Amino acid sequence: MNRNIFKLLVAILIVGGTIGNVNAQKRRTLETPNTVIYALPQTVLKVDVVAEKTIMKKGPFADYAKKYLGISDVVTNDGVEWKLKSIELNGLGEVDPDQYYKITTSVDYEPSLISLTPEGLIRGFNVKNSSFENVEKEIISLTSEEVKMEYGKFSIDPIVKFKEDTTYQVVETDTAFIKVPVLEKQALTKSVEEKAEEAAHQIFKLRKRRFKILTSNYEVLPPDGKAYEVLVKELAKLEEDYISMFVGKKVSIQKAYQFSYAPKQGENGGVIFRMSPQMGPVGVNDLGGRPVRVDFKNLNVTNQLAILPSAGVNPQTQIAYRIPGMADVSISNGKSVLLKKRMPIAQFGKIAKMPAEVLLNENFSIEFYPELGSIKEVTK
């Protein structure tokens, strides 16, 4: 066989094999209808609240603060106070139970061309190697701590006092019984006022010692600056502990909460949570708290938008998406407005549709905003 003819046959076989592989890689045409169900989102308002809880504890010597220290601003009763520190408002997309759709096709159909979120919200069509993030904010809750004040923990004076008393003991002698005086010590608990007087005395002694150190009025002073700093700081802390026995203590901790609210067409808002004086932020059903409302004004930005009619078209051959609306949202506590924000609200907009034939063209991809259901981009 001629060598040139042999080479030609080999080339024909290679080309034929390549064509066969290409044909084998073509997508298979499905003969039975296939259906995918997806959902459009509704905007749910997520309100992140940080509230501060202040625990107030009355000092055991509060009644003597004015007498021994000249201080009148003291905690007079044990109690708890709550106040709002910050509010953050964001809109997140969640499945709208009234907006489920299905799309059916039987020609060159691959389910992988349709991208959905784990909840079933539409992400896009023919979107390759796209990454979608769903980041949830961590809500940190701090536990309350019990505030205690005990004089015996840091007092340098004994909490009892000793009283000497003379008693008589009858002693028998050779000729008679006589009474012999005996000196006895009795331990007595000090009164609250006595302890308060001693604590006040220690406060003034600590102040005097700290003053003498600061003015270098001692023959022997701390060896270096660090020791000097530590000594002054410890004296100040000890004085603060003593003073708290008179003025009381206030300890504040912060807690984080998250509340949700789904706006509805035709309504202006509602109570999103309540603020209880004893419990802080609570649910809407706890009537012991003051209501915190969320109100929104639909700006009707899509009212004049003309939507192409789709009457007579099989809905399963169309792709539904949302054109979101806009609203002014405010959160208020009574007459006090805490926050205002303009933001898109998916359910305040309109539903639009496009032909499902776009699925058959691999050269085009459509990506949606999962949180709004609106078109993000169309690329080729």
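**Exercise 1. Find how β8 and β10 run relative to each other, and by how many bridges they are joined.**

Solution. β8 and β10 run antiparallel and are joined by six bridges. Strands here are DSSP runs of E, at least two residues long, numbered from the N terminus. Two strands pair if DSSP finds at least two bridges between them. Take one position: V271 has R293 in β10 as its bridge partner.

The model is predicted: local features need pLDDT of at least 70, side-chain atom pairs count only at pLDDT 80 or more, and totals for chains, interfaces and linings use all residues. Residues are numbered from 1 along each chain as its sequence is written, and side-chain values use heavy atoms, with hydrogens and water left out.

**Exercise 2. Follow β8 to its hairpin partner, and state how covered β8 is.**

Solution. Start with the partner. β8 pairs with β9 (residues 280–282) in the antiparallel sense, over three bridges. S276 stands opposite G280 in β9. Three residues lie between the two strands of this hairpin. Now check burial. Seven of the eight residues of β8 are buried (under 20% relative accessible area, 1.4 Å probe, protein chains only).

**Exercise 3. Locate the largest nonpolar core, then list what L89 touches.**

Solution. A nonpolar core is a set of buried Ala, Val, Leu, Ile, Met, Phe, Trp, Tyr and Cys residues joined through side-chain atoms within 4.5 Å. The largest has 23 residues; L89, I272, V329 and I331 have the most contacts inside it. Elements giving two or more residues include β8 (269–276) and β10 (290–298). Contact means heavy atoms within 4.5 Å. Not counting residues up to four places away in sequence, L89 touches L45, K46, V47, V329, I331, L339, K341 and M343.

Conventions:
Buried < 20%, exposed > 50% of the residue type's maximum accessible area, 1.4 Å probe, protein only. Helix = DSSP H or I, 4+ residues; strand = E, 2+ residues; numbered from the N terminus.
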